[in-house]
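Work through these exercises with the model open beside you. Try each task before reading its solution.

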Amino acid sequence: VMYNLTSSFSLRKSSFLTLSSLNVKLYNLVIIPILMAVASNIKIFTPMSPVPFTMQTFIVFLTLFNTDKLTSFLSFSIYLISGFSNLPFFASARGAAIIFSPSFGFIVGFLASSFFANNIKEFSTKLKYILRNILNDLFIIFIIYFFGYLNLLRFMDYKSAFIMGILPFVLFDFFKLIASKIVSYFWNKNIISGF
C-alpha cells in the first residue's frame, strides 16, 4: 500500500511539473509574439533599403538564447499567423500582403532560425564555449539573412539585394546581438526575470 501511495504521489508530482512547464511555454507563446509585434513597429525606413530598420532581431535573439527550439518555433509561428490575420504585427505591410513585401524573407528567416539555432544558455570564459557561442550566433544571423536575401531577389538583382538588403543591417544587428547577450547573461544569473 505504501508503495502504491508513493507511486501515486510521484505520478501526480510529475504531472504537476509537466503542467507547470507547459504553463511557462504558454506564457511565452503569448508574450513573445506581442514583443515581436511591438519591435516591428519600432521602425525606420531609409532611402538606402526597401527593408526598414526594426528591433525584431533583438527579440529573436533573446528568444533563441533563452527558450527551447519548440517554444521559439511556436512563438514565431504565432507571430506570423497573427500578422496574416491583419493584426498590425508587421513593419512593412498588413495581412497576407506581407508575402509581396521585401521584408517577408527575413520573417521566414526568424522562423527558420528556430530549427537551426542551438540554445546555449551557459556562460563561460573557456575558449571552447566562446568559439561555439560565436559560431552559433553567426549561424543564426546567416539563416535570417539567407532567407531575407532570397526573397529580395524577387525585387532586384543579386548585387543590389546584398548592398541594399543585407549590408546596411550588419552593424545594427551586431549591436543588437551583443545587447541580447548582455540581457541574457543577467537573466541567467537571476538578476532579472526571463522567459
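**Exercise 1: A long helix and its cover**

Task: Find which residues of helix α5 are buried, and find what covers them.

Solution. This is a predicted model. Start with the buried positions. In α5 they are Tyr129, Asn133, Asn136, Asp137, Ile140, Ile141, Ile143, Ile144, Tyr145, Gly148, Asn151 and Leu152. Next, look at the cover. It includes strand β2, together with helices α2 (56–66), α4 (104–116), α6 (158–165) and α7.

**Exercise 2: Checking the helix span**

Task: Compare the expected span of α5 with the distance between its end C-alpha atoms.

Solution. Helix α5 covers residues 127–152, which is 26 residues. The expected span is 1.5 Å times one less than the number of residues. That gives 38 Å for α5. The end C-alpha atoms are 37 Å apart, so the two values agree.

**Exercise 3: Classifying ring pairs**

Task: Classify the pair of phenylalanine 53 and phenylalanine 172, then the pair of phenylalanine 84 and phenylalanine 90.

Solution. The structure holds 14 aromatic pairs. Take phenylalanine 53 and phenylalanine 172. Their ring centres are 5.5 Å apart and their planes meet at 70 degrees. Centres within 6.5 Å make a pair, and planes over 60 degrees apart count as edge-to-face. So this pair is edge-to-face. The pair links distant parts of the chain: phenylalanine 53 is in strand β2 (residues 49–53) and phenylalanine 172 is in helix α7 (residues 170–188), 119 residues apart. Phenylalanine 53 is buried at 13% relative accessible area. Phenylalanine 172, at 29%, counts as partly exposed.

Now the second pair. The rings of phenylalanine 84 and phenylalanine 90 have centres 6.2 Å apart and planes at 75 degrees, so they too are edge-to-face. Phenylalanine 84 is partly exposed, with 31% relative accessibility. Phenylalanine 90 is buried, with 3%.

Finally, follow the ring pairs onward from Phe53 and Phe172. They link both residues with Phe106, Tyr145 and Phe169 into a cluster.

**Exercise 4: A buried asparagine and a charge over a ring**

Task: Find the polar partners of asparagine 66, then find the ring under the charged end of lysine 181.

Solution. Asparagine 66 lies in helix α2. Its relative accessibility is 8%, so asparagine 66 is buried. One polar atom of its side chain lies 2.8 Å from the backbone oxygen of leucine 62. The side chains of asparagine 66 and serine 184 are joined by a polar contact of 2.9 Å. Last, turn to lysine 181. Its charged end sits over the ring of phenylalanine 65, 3.8 Å from the ring centre.

Note on methods:
Residues are numbered from 1 along each chain as its sequence is written. This is a predicted model: local features need pLDDT of at least 70, side-chain atom pairs count only at pLDDT 80 or more; totals for chains, interfaces and linings use all residues. Side-chain values use heavy atoms; hydrogens and water are left out. Rings of Phe, Tyr and Trp (its six-membered ring) pair if their centres lie within 6.5 Å; planes under 30 degrees apart count as stacked, over 60 as edge-to-face and the rest as tilted. Helices (H or I, at least four residues) and strands (E, at least two) are DSSP runs, numbered from the N terminus. Buried means under 20% relative accessible area, exposed over 50%, partly exposed in between (1.4 Å probe, protein chains only). A charge sits over a ring if NZ of Lys or CZ of Arg is within 6 Å of the ring centre and within 35 degrees of the ring normal. Contact means heavy atoms within 4.5 Å. A polar contact is a pair of N or O atoms within 3.5 Å; within protein, one must be able to donate a hydrogen and the other to accept it, and residues adjacent in sequence count only if both atoms are side-chain atoms.
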